Structure formats: C-alpha cells, structure tokens
Amino acid sequence: MSLHAEDSMNSAHSGPCKENPCRAGRSWEWIESILRSVVDGLLVTDSNSRVLMMNAAAEELLGVAQTTLFDRSLNDFVKDRRLLKRLREAVMKEEDGGRFEFELGGHSGGIRIVSITTSVHRDSEGVAQGSVFLLREITRERELDRMKNEFITTAAHELRTPLTAIMGFSELLLTRRDLSATLQFDFLTFINQKAENLSRIISDLLDISRIEAGRGLELFREPCDINDLITETVGSYRTCSEKHALEVLLPEERIQLYVDRGKVIQIMENLLSNAFKYSPQGGVVRVSARSTRGAYLLSVEDEGIGMTREQVSRAFDKFYRGDASNSAVEGTGLGLSITKNIVEAHGGRIWLESRKGKGTTAFVALPMTRDQQEPESGIQELGEH
Ligand code: ATP
Ligand code: MG
C-alpha cells in the first residue's frame, strides 16, 4: 500500500502522536495492514485531488506500479482520461454516496468492469478534506448477467418451439376428420416427442434453480448394474441419426454401482446429445467404459466440431454456450453444468478433452465404493493433467 506524507497520517492521529509517537506508529501500522487486506481497491485523495493513500488492490486495478505518493496528483496514476475526469469531478463536487461503473482496459487486453463508490472524508468540524473511492471489480458479475439475459431469450425460444409444434399438430388432429390412422399415429408420436423435449427443459430449469438455491440435487441411490443401464440408455439413441455410427465398448465383467438410476441416465443423455449435436457432419460416437483405480471410467467421444481451450474451460459454467448465435444448434447451456453437479453429488469427477475441428471426449469417473461423500483420491488423480 502506498501512503502520502506523514503529515496526513499524523493529523489523522494527532492525539496519540503527541503522547507517544511509538504507539501512534504502531497503530498506523495496524490500520495499514487492515487496509492492505481489504480485497477491494481503496483510493483516498485530498480536496486538491492529491492522492493520500492507495492500497494494493487499487494499484492492481489501475495498473499502477507500487510507488510512494509524495505530492502526486490523480493525473500521475489514472491513465484513462475519462476516468480521471470522473474522479476529479467527484472530488470537486464532494460527491458523497455516489456509485458509477467504469470499463478499464485490462493488462492482457481484456476489458475489466469496475464499480466505483465515492464518499467524502471530513475533519472533526465536518469540513470536507477530500474523497474516498472504493473500487470493486464486477467483470464476472456483468458477464453472468449477460449470460443470464441471453439464457432467458434462449429458454423462451426453446420452450416455444416444441409448444408451437404441439399446438399445430393437435389442432390438425382435432379439426381434420379425414386423416388416416397412420398419419394420426405419426402426429401423436411427434407431439409426444415435443412434449418430452418440453419436460426435459423444464426439469433442467428446476434442477438449476435447486442447485442455485444451495439445496443441491436429491439422490435416490440403489445398487445398479451400470453396464446394463448404459446399454439401455444408448439403445434409444441408436436410431436417432443416419449420419452417425454409434459404438459401445463396455467391460465384460458385471459392475454394480451405488447410484441414482435416473440421474445416471440424465448424465448419459446430456453427453450423448452433445456428441450428436456438435458433430453435425456425422462420424463415430463412441461410448466406452472401464474400471480403473477404484472408479468406473465412462467416456463419450465424438468426431465433431470440437472446442478451443477457452471453450473447454467454460463449458461447465451454467448458461454457457460456445455459439449463442441464432443459427446455433438448439440448447440452453445448462446440460453440462447439471451433469457436473450430478457427477459430483455421486462423489465422482467429470472433464473434457477436445481439439477444435477434431472432436471431443467427455470423461466421467464414478466411484465403485458405497462411501461416496468425498471424491476418492484415485478419482481426483484421474481428472488431473
Ligand atoms: P443443453 O445441453 O442445455 O441443451 P448446450 O448443449 O448448449 O444446451 P451444454 O451441454 O452445457 O449446453 O454445453 C455447453 C457448451 O459446450 C455448448 O453450447 C457447446 O458450445 C459446448 N459443447 C458441449 N459439448 C460439446 C461437444 N461434444 N462438442 C463441441 N462442443 C461442445
Ligand atoms: Mg448439451
């Protein structure tokens, strides 16, 4: 933390100083260490915009090298002209209790959004002596807000599409008496599929709101033959695409896991739907499993569009979609986030390996023991690189 000349310190602690300078020094050190540990940026000026104090967090946000502040004005520290103007204005107008947001160019080229709160510090007579600025980075919050807004638009669209189809086909069934039995059957099958889509989206929304509220996912575990469960789930995907070849490689031996059946099906469905959706040109989708280091290691591999490193690092964030444009494939950006929660609730681990343009493999390691409160150390190591 950088501090201005001793006069400002002494005037702030004139009482103890006269009596015992050592004690005053110690109490200043104490205050300094408290201010240093404040995670938000703190910047204090006098009424002429001279900087009296700046903590490390403020230095980091403003990109200022650690320095002493003897007689230096705001101009020496704040390189952004618009921000400088705004801060000087706040000092001049003795702005008290104001708040504004500002976009700062980050050191690595990215934009950082900072919320700045202003207040006035006064002497014992109540005369303004300068300003105190509290700087808090809110880049992550703003990014989350943006993703949430995008999500609301996507979710509304995702809900309306199947609903429009359900309404259209049911209306046809109600108004057209001349439809053949085969056509009626086809329409009803279509309506049923769309209703299932709707139900899946609504379950995802309920799951995510339960997780958000900190209530977590409720698991109903039972001993379960995992190979059978995977074979059953994969079976329903066999006929869903002509462009894809579905390969399944499961271990020979019978393996019982203590899991929530419905939730494991949900894991499989999310990973399989991604493998199909994100390999629009087709190719092999391979589901493999083996037992290793006390874990059942399942993988779903595709030869699709793949992901960049940045996309991989964000794929499990809720609402995240690699491509959120109108032409993007359907989805709400909740699948992997929910899947991760389910896997971790089972004491397991999930991770992705991907190469842009080559394909993606999703790995899930589930513990083979019943005691699944904490991830097994073997499982921890499986996901490490
Ligand atoms: P939802 O699963 O809710 O219907 P979604 O598929 O967009 O929507 P997630 O499953 O959470 O959401 O995936 C998040 C993002 O990660 C996707 O939008 C996509 O960009 C990327 N992604 C996930 N799986 C793959 C994959 N197998 N290949 C390429 N990109 C993928
Ligand atoms: Mg998905």
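A residue is called buried when its relative accessible area is under 20%. In this predicted model, buried residues account for 42% of the 385 residues in the protein chain.

The chain holds 13 helices and 13 strands. About 21,600 Å² of the protein chain is exposed, and carbon and sulfur atoms supply 51% of that area. Contacts can also be sorted by how far apart the two residues lie in the sequence. Among contacts between residues at least 6 apart, 60% join residues at least 24 apart.

**The surroundings of ligand 1**

Around ligand 1 there are 19 residues, and those that come nearest are Y278, R321, G322, T332 and L336. By type, the shell consists of seven nonpolar, eight polar and four charged residues.

Three polar contacts with ligand 1 are listed below.

| Residue | Polar atom in the residue | Atom in ligand 1 | Distance |
|---|---|---|---|
| K277 | side chain | oxygen | 3.0 Å |
| D302 | side chain | nitrogen | 2.9 Å |
| L334 | backbone | oxygen | 3.0 Å |

K277 and D302 each use a side-chain atom, while L334 uses a backbone atom. The partner of D302 is a nitrogen atom of the ligand; K277 is paired with an oxygen atom.

How much of the accessible area of ligand 1 does the protein cover? On its own the ligand has 600 Å² of accessible area, and the protein covers 96% of this. Two elements give two or more residues to the shell around ligand 1: helix α10, spanning 261–277, and helix α12, spanning 335–345.

How values were computed. Residues are numbered from 1 along each chain as its sequence is written. Chains are lettered from A and ligands numbered from 1 in the order in which they are written. This is a predicted model: local features need pLDDT of at least 70, side-chain atom pairs count only at pLDDT 80 or more; totals for chains, interfaces and linings use all residues. Side-chain values use heavy atoms; hydrogens and water are left out. A residue is near a molecule or strand if one of its heavy atoms lies within 4 Å of it. A polar contact is a pair of N or O atoms within 3.5 Å; within protein, one must be able to donate a hydrogen and the other to accept it, and residues adjacent in sequence count only if both atoms are side-chain atoms. Accessible areas come from the Shrake-Rupley method with a 1.4 Å probe; for residues, only the protein chains shown count as cover. Helices (H or I, at least four residues) and strands (E, at least two) are DSSP runs, numbered from the N terminus. Ala, Val, Leu, Ile, Met, Phe, Trp, Tyr, Cys and Pro count as nonpolar, Asp, Glu, Lys and Arg as charged, and the others, Gly among them, as polar. Buried means under 20% relative accessible area, exposed over 50%, partly exposed in between (1.4 Å probe, protein chains only). Contact means heavy atoms within 4.5 Å.
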